[in-house]
Amino acid sequence: MHSEQDTFINNHIMPIQITVDKELQEKLSKEINFYGGPYYKFIDLEGAKACLKNSNIQFSTPDTLNDPLECCVDLLKMRNSEEFKKEFYKNEVKTTRDPFRKKKLLKNRSNFLKRYDVNEEFNRILLSRIRQIGICSFARHYTEDTDYLLWSHYAENHKGICIEYDFEFDPVYFARNKFKPILVNYKTKLDSYEFDISDDGIDIIPWSVQKIKKIWSYEDEVRLIHYNLETNCDGKYRPVINKEFITKIIFGCQCEKSNMNEIVRILQDKEYDLSKIKFEKMQLNSEQKLVPKEISLLPYESFHVVR
């Protein structure tokens, strides 16, 4: 049986949108920086095999990423919660068709206003909204000095690969799938915002693309953001992509030849056009820096470096 609190949440809070005042909206809009490419995905071998076999990319919800400050609900506060409750009470009395409920509401106004912790419910709703946001993370490069850490952290300690994507092959792909490519905004301290609740709505992108500079700026991350996410049972969303989006495969400096062969076999088996994909392998040069070296595949079982 549903409680009055359930009714309160379902009838009013769940359908509503999050809004901010005009000044804050303008501030947030200025923080959004769209990105055109290229896109680089550092990934472990098993993840790479899966996405290449299935021709897809993977979106995750912010609460499953590796930063506890991702879309942290503590950074969003509801403004005028008491006023909101009063307005809702008036609306509930006015619109309810159940005479017994209306009588109960009129008789117990003070209890009604005391019982509901709107801030707590607001946070619960924000968490549900977070789980409707999908994030697919990419780097903007793979040869910078700071990318050494990306190879270590995301590409299986340099044993994995990095995939280059050119989404411009299909210019309307993002629009058709409602993806927004946005640069992460690195800050000394994450911004917190006060929001109102109304029916107007707000694009909460700035909240989902801010990270602490001193910790994460080495990633130089760009994100594909997707809303109204429909996830699988594992909480992931994996849309199919055009095979032509993949323009380069870069193997980590410690990637074994057998694994390199397997990646190429997958590409062949799944009918990727290898003539349109470049292959490189990272190597440590005499200055102890990682540099890419082009790989020739003739045939794929025997790799040699083009010098």
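Let's start with A48, a residue that is buried, with a relative accessible area of 0%. Buried here means under 20% relative accessible area, so A48 qualifies. Keep in mind that you are looking at a predicted model. A48 sits in helix α3, which covers residues 45-54.

Which residues does A48 touch, once its neighbours within four places in sequence are set aside? Its contacts are I43, I161 and I263. These three names make a good guide to the surroundings, so let's follow them one by one.

I43 takes us to strand β2, which spans residues 39-43. This strand is mostly covered, with four of its five residues buried. I161 takes us to strand β6, made of residues 161-165. The two strands belong together: five bridges join β2 to β6, and they run antiparallel. You can pick out one pairing in the model by finding F42, whose bridge partner in β6 is C162. C162 also shows how the chain folds back on itself, as A48 and C162 are 114 residues apart in sequence, yet their C-alpha atoms are 8.6 Å apart in space.

I263 leads to helix α12, residues 257-269. How do α3 and α12 lie relative to each other, roughly parallel or roughly antiparallel? Their packing angle is about 15°, and their axes are 9 Å apart. Angles under 35 degrees count as roughly parallel, and therefore α3 and α12 are roughly parallel to each other. Their crossing is right-handed. On the α3 side, the contact is made by L45, A48, K49, L52 and K53; on the α12 side, by N259, E262, I263, I266 and L267. Sorted by class, this contact has six nonpolar, one polar and three charged residues. As you look at those numbers, a general point about helices helps: an α-helix has 3.6 residues a turn, so residues three or four places apart point the same way.

Another helix to visit is α8, residues 147-154. Its buried residues are D147, L150, W151 and S152. After α8 comes E156, which has a positive phi, near 55°.

Now step back to the whole chain. Its secondary structure comes to twelve helices and 16 strands, and 47% of its 307 residues are buried. What share of the contacts between residues at least 6 apart in sequence join residues at least 24 apart? The share is 81%. The pair we met earlier, A48 and C162, lies 114 residues apart in sequence.

Conventions. Residues are numbered from 1 along each chain as its sequence is written. This is a predicted model: local features need pLDDT of at least 70, side-chain atom pairs count only at pLDDT 80 or more; totals for chains, interfaces and linings use all residues. Side-chain values use heavy atoms; hydrogens and water are left out. Buried means under 20% relative accessible area, exposed over 50%, partly exposed in between (1.4 Å probe, protein chains only). Two strands pair if DSSP finds at least two bridges between them. Axes are lines fitted to C-alpha atoms, for helices over the stretch in contact, and angles run from 0 to 180 degrees between N-to-C directions. Angles under 35 degrees count as roughly parallel, over 145 as roughly antiparallel, 65 to 115 as roughly perpendicular and the rest as oblique. A crossing is left-handed if the near helix is turned anticlockwise from the far one by less than a right angle, and right-handed if clockwise. Contact means heavy atoms within 4.5 Å. Ala, Val, Leu, Ile, Met, Phe, Trp, Tyr, Cys and Pro count as nonpolar, Asp, Glu, Lys and Arg as charged, and the others, Gly among them, as polar.
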